[in-house]
Amino acid sequence: MDLSLVYIIIGGLWEPVWVWCLNKTSHSEGRLRIEWGILFVITSITSVFFLGLGIQSMNIGIAYAIWTAVGSITTLLISRVFLGEGFDKRKVIAVFLILTGIIGLELSGGL
């Protein structure tokens with residue numbers, strides 16, 4: 001596995017973390033929660049930092065597609081496990097198509 005792909009995946013795994021932190025910044029009695037805001041800034045910078053490392057030796061369009069796909073799939077799994085959100089056939093098919101696209105990019109030498 002190419003090191004740039006590893007960086008993209010790491011950055012994609014941080015994406016749901018910063019989204020969660022952003023969501024938590026205003027979830028307490030309608031007031032801004034500064035600690036969640038600070039965590040949002042740190043985790044979003046971390047996510048984009050790894051994306052930046054990955055695009056140094058990879059096509060930016062493909063890198064961004066992988067980064068967002070990893071983040072989307074991770075968010076979907078986290079919402080299922082920790083928030084009890086359900087899966088239906090359409091979600092499973094959509095995730096399968098995303099994974100198929102990423103594997104297709106890898107196999108086609110697009111990275």
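# Close-up views of a four-helix chain

**View 1. Four aromatic pairs are counted in this predicted model.** Rings of Phe, Tyr and Trp (its six-membered ring) pair if their centres lie within 6.5 Å, with planes under 30 degrees apart called stacked, over 60 edge-to-face and the rest tilted. Residue numbers start from 1 along each chain as its sequence is written, and side-chain values use heavy atoms, leaving out hydrogens and water. Local features need a pLDDT of at least 70 and side-chain atom pairs a pLDDT of 80 or more, while totals for chains, interfaces and linings use all residues. Start with Trp18 and Phe40: their ring centres are 5.8 Å apart and their planes stand at 65 degrees, so this pair is edge-to-face. Trp18 belongs to helix H1 and Phe40 to helix H2 (residues 34–54), so to speak of this pair is to speak of a link between distant parts of the chain, 22 residues apart. Phe40 is partly exposed, with a relative accessible area of 22%; buried means under 20%, exposed over 50%, and partly exposed in between (1.4 Å probe, protein chains only). Phe49 and Phe50 make another edge-to-face pair, because their centres are 5.5 Å apart and their planes are at 75 degrees. Phe50 is buried, at a relative accessible area of 17%. Together with Tyr7, Phe49 and Phe50 form one aromatic cluster.

**View 2. The whole chain is made of four helices and zero strands.** Helices (H or I, at least four residues) and strands (E, at least two) are DSSP runs, numbered from the N terminus. Reading from the N terminus, you meet the elements in the order α-α-α-α. The C-alpha atoms fill a box of roughly 50 × 35 × 20 Å along the principal axes. Of the 111 residues, 29% count as buried.

**View 3. Helix H1 carries a buried set of residues that includes Ser4.** The 22 residues of H1 should span 32 Å at 1.5 Å a residue, and the end C-alpha atoms are indeed 32 Å apart; the expected span is 1.5 Å times one less than the number of residues. Buried residues here include Leu5, Ile8, Gly11, Gly12, Glu15 and Trp18. Ser4 has a relative accessibility of 2% and counts as buried. Its side chain joins that of Asp2 through a polar contact of 2.7 Å. For such a contact, N or O atoms lie within 3.5 Å; within protein, one must be able to donate a hydrogen and the other to accept it, and residues adjacent in sequence count only through side-chain atoms on both sides.

**View 4. Helix H3 has an Asn59 cap at its N-terminal end.** A side-chain oxygen of Asn59 lies 2.8 Å from the backbone nitrogen of Gly61. From its first C-alpha to its last, H3 reaches 33 Å with 24 residues, close to the 34 Å expected. Which residues of H3 are buried? They are Ile62, Ala63, Ile66, Trp67, Ala69, Val70, Gly71, Ile73, Thr74, Leu76 and Ser79. Just after H3, Gly84 takes a positive phi of about 70 degrees.

**View 5. The largest pocket has a volume of about 190 Å³.** A pocket is an open set of points on a 1 Å grid over the protein atoms alone where a 1.4 Å probe fits, with protein on both sides within 12 Å along at least five of seven lines; lining residues have an atom within 4 Å of a point. The volume is the space filled by probe spheres set on the points, which are joined across faces, edges and corners. The lining consists of Pro16, Val17, Val19, Trp20, Asn23, Thr75, Ile78, Ser79, Leu83 and Glu85. Helix H1 (3–24) and helix H3 (60–83) are the elements that give two or more residues, and H1 gives the most, with five.

**View 6. Three residues show how separations in space and along the chain can be compared.** Ile45, in helix H2, is exposed, with a relative accessible area of 54%. Its C-alpha atom is 9.4 Å from that of Trp14, 31 residues apart along the chain. Arg33 sits in the loop between H1 and H2 and is partly exposed at 23%. The C-alpha atoms of Arg33 and Tyr64, 31 residues apart along the chain, are separated by 30 Å. Lys91, in helix H4 (residues 89–107), is partly exposed at 34%. Between the C-alpha atoms of Lys91 and Leu76, 15 residues apart along the chain, there are 9.0 Å.
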